[in-house]
Amino acid sequence: MALIEMKRLRAVALQSQRRALLRQLRRLGCVEVETAAESSDFAGEEALPQTVAEDTGAQENWAALTQALQTLDQYAPPEKRPLFAAKPQMTQGQFYDEQVLHQAVQAAQQINGAVQEMNRLAAEQSRLEAARIQLGPWKDLDVPLDYVHEGPVTYYQGVLPAAADLRQLEATLEEQAPASQLEEVSSDSEQHYVTLLAHDSCKEEALAAIKQQGFSPFAMRDAKGTAAQWSAKLQQDIDAMERQRQQLAESIGQHRQDRAAIEQAIDAYALAAEEDRLLSGMARTKDTVVLTGWLPQKAQPKVEAILEKYGCAFSLEDPQEGEDPPTAMENGAVAEPFGAITAMYGMPAYGSLVDPNPLMAPFYITFFGFIMGDVVYGALISLICMLGLKLMRPKGTMRQMLTLFFYCGLSTMVAGVLVGGWLGDTIPVFTKAVLGKEYSIPPLWFNPLDEPMKMLMLSMAMGAVQILTGMAVSAWRQIKQGQWLDALVDTGSWYLVFAGAGMAVLGLSFGVWIAVAGLAIMLVLGGHGKKGIGRITGGLGKVYGITGFVSDLLSYSRIMALSLSGAVVGSVVNQMGAMAGGGILGVLIFVVVAIVGHTFNLATSVLSAYVHTSRLQYIEFFGRFFEGGGRTMTPLENNTKYVEIVEED
């Protein structure tokens, strides 16, 4: 159950081969590459060794391509793909095809250029529309906006606050500037729109009078003709710009055939940008770069072959004290998917003796199955996951989760046969309501709704087995580490207590003495390694730990609770569907209600089973032997979003 052993990689590569080397290591997908800042080899240096920033423009191209693809999604949405559509496959040579990448970048530039022009036109349209709105109150004025009166009379056009009394203002002008004339063009709730003619002999007095009332001149730059004429001209310009925007939108839509190339280029430039980041952080000389990292011991031959091919000077060594190698796990087909569950909790420390995945797998599958406990639900879960695995060809965490739920679906089917779950109690409810006679498939073991105490005892029994297994693993780890006495006190004594108590319940009188022997070991040796009163209190603390076991065991009652809740909801759904009675209409209503209700129940039950089964592993099981503190290995891989890179034929 040991985790994967790691090798420390140190290599010096030629500058000219650096990017090709990284791509070959990426293809292997098993080497974690570090920058100088991340490498422990340079941790003691006062200043990092020389690094040179590398920028091939990949990040900028990636950003432009991503923006272009988002625009395409808006103006030329892709055809709907099947639910479980797989990524298109291509070789590495096809993936990095310069012609395709150049075509994609050009298309992205044209798309983004069109978007920029559309945005500029939209901004200009907004400006013109605002100007057209400003002209609205002046449309009835037949004086050109650019009119300048010649001679001794000056023409003014402007606005007054709505609070200004125009009649009073006219009287004031008649008194103070008799050679002037104020005309109201229009008014609204905020302003009066007016014109003023004033002779030079009283121009100053007229201006003083209207400014005192809050007069502001109105002028529109470059306007020609009357307000109505200019407004019509602005509307023509707005309409012309809208036609340009439509043409640009159509030109964007014509790039729908470039979608595949753009998606491929996004993946290619994303990987190239990562290469830029790594290479920019690597120590180097004029002609070489220093590459450090980690790889699994079993991958050593393949990595050595690549390094030798590219003429590297390298060393592969075991981790030294003070280094922080990553943690990676390798398991069989059944246990491997459970690495996703472990990773969410936290990776085991490197060098840990216990790999939790194979230990957790049977318990997780069993707990999940009995929480769901329905043959049809299990078949649906496994079918959906199997289709996802076959058609999508997922990798990484997605593949692990789909495989995990596939196994859990199978266990749900088995549990459903044992407890009689077939879409809840659909069969007896349906046959009674429609046929008038009840038929059912009896459980091979028992029905939790009829015998909830038996389900509770089963939950507790499964919990007890897991707790005892966790204790046994902890004892094994302590023995391997030479802590024999700790194993005896922490686990062996409890095994004696539990075994003795069980024998006593079965009527074997000597079981009491076995249990007493276990308690005695706790009291006498529980405080070993401590001094003074600690020797006594340590033993008492061990004995008091029985309350913790009871609490932990009660936690497993959630298996019963969730199992019953799912069964009850399913039964309620069936009863609701059967309320319409028999006949064709009754059958149709039952089918519709069953589909909707059981879909909801399936979704909520899967979520509950996943969350609470994981919780039982994390809290009740892992806490007994799990050595945390490890970090997940992040190898250089072809992590692509749109295409799948495959080996050359």
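Helices here are DSSP runs of at least four residues, numbered from the N terminus. The model they belong to is predicted. With that in hand, we can start at one residue and work outwards.

Find Thr491. It is found in helix 16, which spans residues 484-505. Is Thr491 buried or exposed? Buried means under 20% relative accessible area. Thr491 has 6% relative accessibility, so it counts as buried. Now look at what it touches. Leaving aside neighbours within four places in sequence, Thr491 is in contact with Met471, Ala472, Ala475 and Asp486.

Helix 16 also leads to a bigger feature. It is one of the elements that give two or more residues to the largest nonpolar core. This core has 54 residues. Those with the most contacts inside it are Tyr364, Phe368, Phe370, Met372, Ile381, Phe405 and Ile559. Other contributors of two or more residues include helix 10 (339-345), helix 12 (375-392), helix 13 (396-419) and helix 15 (452-480). Which helix gives the most? Helix 11 does, with eleven residues. In soluble globular proteins, nonpolar side chains tend to be buried together.

Zoom in on Met372. Not counting residues up to four places away in sequence, Met372 touches Tyr377, Ile381, Thr412, Leu602, Ser605, Val606 and Ala609. Apart from the largest core lies another, of 53 residues. Among its members are Ala114, Tyr155, Tyr193 and Ala272.

Next comes helix 14, residues 426-435. Its buried residues are Thr426, Pro428, Val429 and Thr431. What covers them? The cover includes helix 20 (557-578) and helix 21 (583-621). Both of these helices also give two or more residues to the largest nonpolar core. Just after helix 14 comes Gly436, which takes a positive phi of about 80 degrees.

Finally, turn to the strands. Strand 8 covers residues 288-296. How many of its nine residues are buried? Eight are, and the strand is mostly covered. In a regular strand the side chains alternate between the two faces of the sheet.

Strand 8 has partners. Strand 1 (residues 6-14) pairs with strand 8 in the antiparallel sense, over nine bridges. Within that pairing, Val12 has Val290 of strand 8 as its bridge partner. Strand 2 (residues 32-34) also pairs with strand 8 in the antiparallel sense, over three bridges. There, Glu32 stands opposite Trp294 in strand 8.

Technical notes: Residues numbered from 1 in each chain as written. Predicted model: local features only at pLDDT ≥ 70, side-chain atom pairs only at ≥ 80, totals over all residues. Heavy atoms only, no water. Buried < 20%, exposed > 50% of the residue type's maximum accessible area, 1.4 Å probe, protein only. Contact = heavy atoms within 4.5 Å. Pairing = 2+ DSSP bridges. Core = buried A, V, L, I, M, F, W, Y, C linked by side-chain atoms within 4.5 Å.
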